[in-house]
Amino acid sequence: MHEDLITGLTRQVKEEVIENYLTERHLVGLQLEEFEQKTAETLLRAEKTGKRLSRMAFLVVHPEMQAKLSSLLHIQPDSFWDECMKKEFARGVRIIRVKALTDKSKYRKLLVEAYCRLCQWMEKYRKAYEELLSECKAVNLNINAFQKNFDVLTLLAFLRNLDTLELERKHFLGENFTADELSSLDQKLYIKQINFENLNVPAPLDLPKAERVEPALADLAAEVYRRHQQNVKGLMLH
């Protein structure tokens, strides 16, 4: 009778410990799923922002002028944003409509307006990027707390020490685990923290404000128009 009572209590304690472990692990899993979804959404926003940069590269027509634009916007070589500059502009963005008396002034307005829209999209992307970074830190804190509260090896040792009868020990946990088996189990159940850098989410560009860069953009527009006038007129017809 006494042994039955101890066995019943032992089983109940074990079930509660395991249930708490599974519940907390499920919550962490849900947070990781939500974070994965948010990462995908942020990367998509980066691509959409990059299209506004691709449009600017398209508008300045020539690789030499594109290099000057990259320098003006402080775009690092071989970065995500540098790749956007090199991509073929495939539309998929809202058309910019401007009015002016001459093609030259119309082109200047077009380039400046394209930059303003790039700034707007980059600012929205910056907020999304910073939110993702903050959420990454929060999820990692939760993972760290979970690992401390539910260390697998400590949990197993606790459950095994609850057994008072060899029969119960075998029934609930099986025979003694080897060191290799314990190590393998610990690795399989371990939840790794998120390495933000491995997500390859590009940091937003620190673009100069439109009013500050507008004179330089106007000079660039004038140079592009002077050197590639026919190309500029052609692209404004589309």
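**Salt bridges and the faces of helix α2**

Counting a side-chain nitrogen of Lys or Arg within 4 Å of a carboxyl oxygen of Asp or Glu as a salt bridge, the structure holds nine salt bridges. The model is a predicted one, and the points below take up several of these pairs, together with the way helix α2 presents its residues.

**Pairs that link distant parts of the chain**

- K38 and E135 meet through their side chains in a salt bridge, with a distance of 3.2 Å from N to O. Because K38 belongs to helix α1 (residues 2-59) and E135 to helix α4 (residues 103-149), the pair ties together parts that lie 97 residues apart in sequence.
- Both partners of this pair have intermediate exposure: K38 is partly exposed, its relative accessible area being 24%, and E135 is likewise partly exposed, at 22% relative accessibility.
- A salt bridge also joins the side chains of D206 and R126, again with 3.2 Å from N to O. Here D206 sits in the loop between α7 (179-189) and α8 (210-227), whereas R126 is in helix α4, so that distant parts of the chain, 80 residues apart, are linked.
- The two ends of the D206 and R126 pair contrast in their surroundings, for D206 is exposed with a relative accessible area of 62%, while R126 is buried with a relative accessible area of 18%.

**A pair within helix α4, and a network**

- E113 forms a salt bridge with R117, and the closest N and O atoms of the two are 3.0 Å apart. Both residues lie in helix α4, four residues apart, which is about one turn of the helix.
- An α-helix has 3.6 residues a turn, so residues three or four places apart point the same way.
- E113 itself counts as partly exposed, with a relative accessibility of 27%.
- E64, K68, E223 and R227 are joined into one network by salt bridges that share partners.

**The two sides of helix α2**

- In helix α2, which spans residues 63-72, the buried residues are M65, L69 and S70. These three cover an arc of only 145 degrees around the axis, which means that they lie on the same side of α2.
- P63 and S71, on the other side of α2, are exposed.
- Just after α2 comes H74, whose phi is positive, at about 60 degrees.

Note on methods. Residues numbered from 1 in each chain as written. Predicted model: local features only at pLDDT ≥ 70, side-chain atom pairs only at ≥ 80, totals over all residues. Heavy atoms only, no water. Buried < 20%, exposed > 50% of the residue type's maximum accessible area, 1.4 Å probe, protein only. Arc of directions from axis to C-beta.
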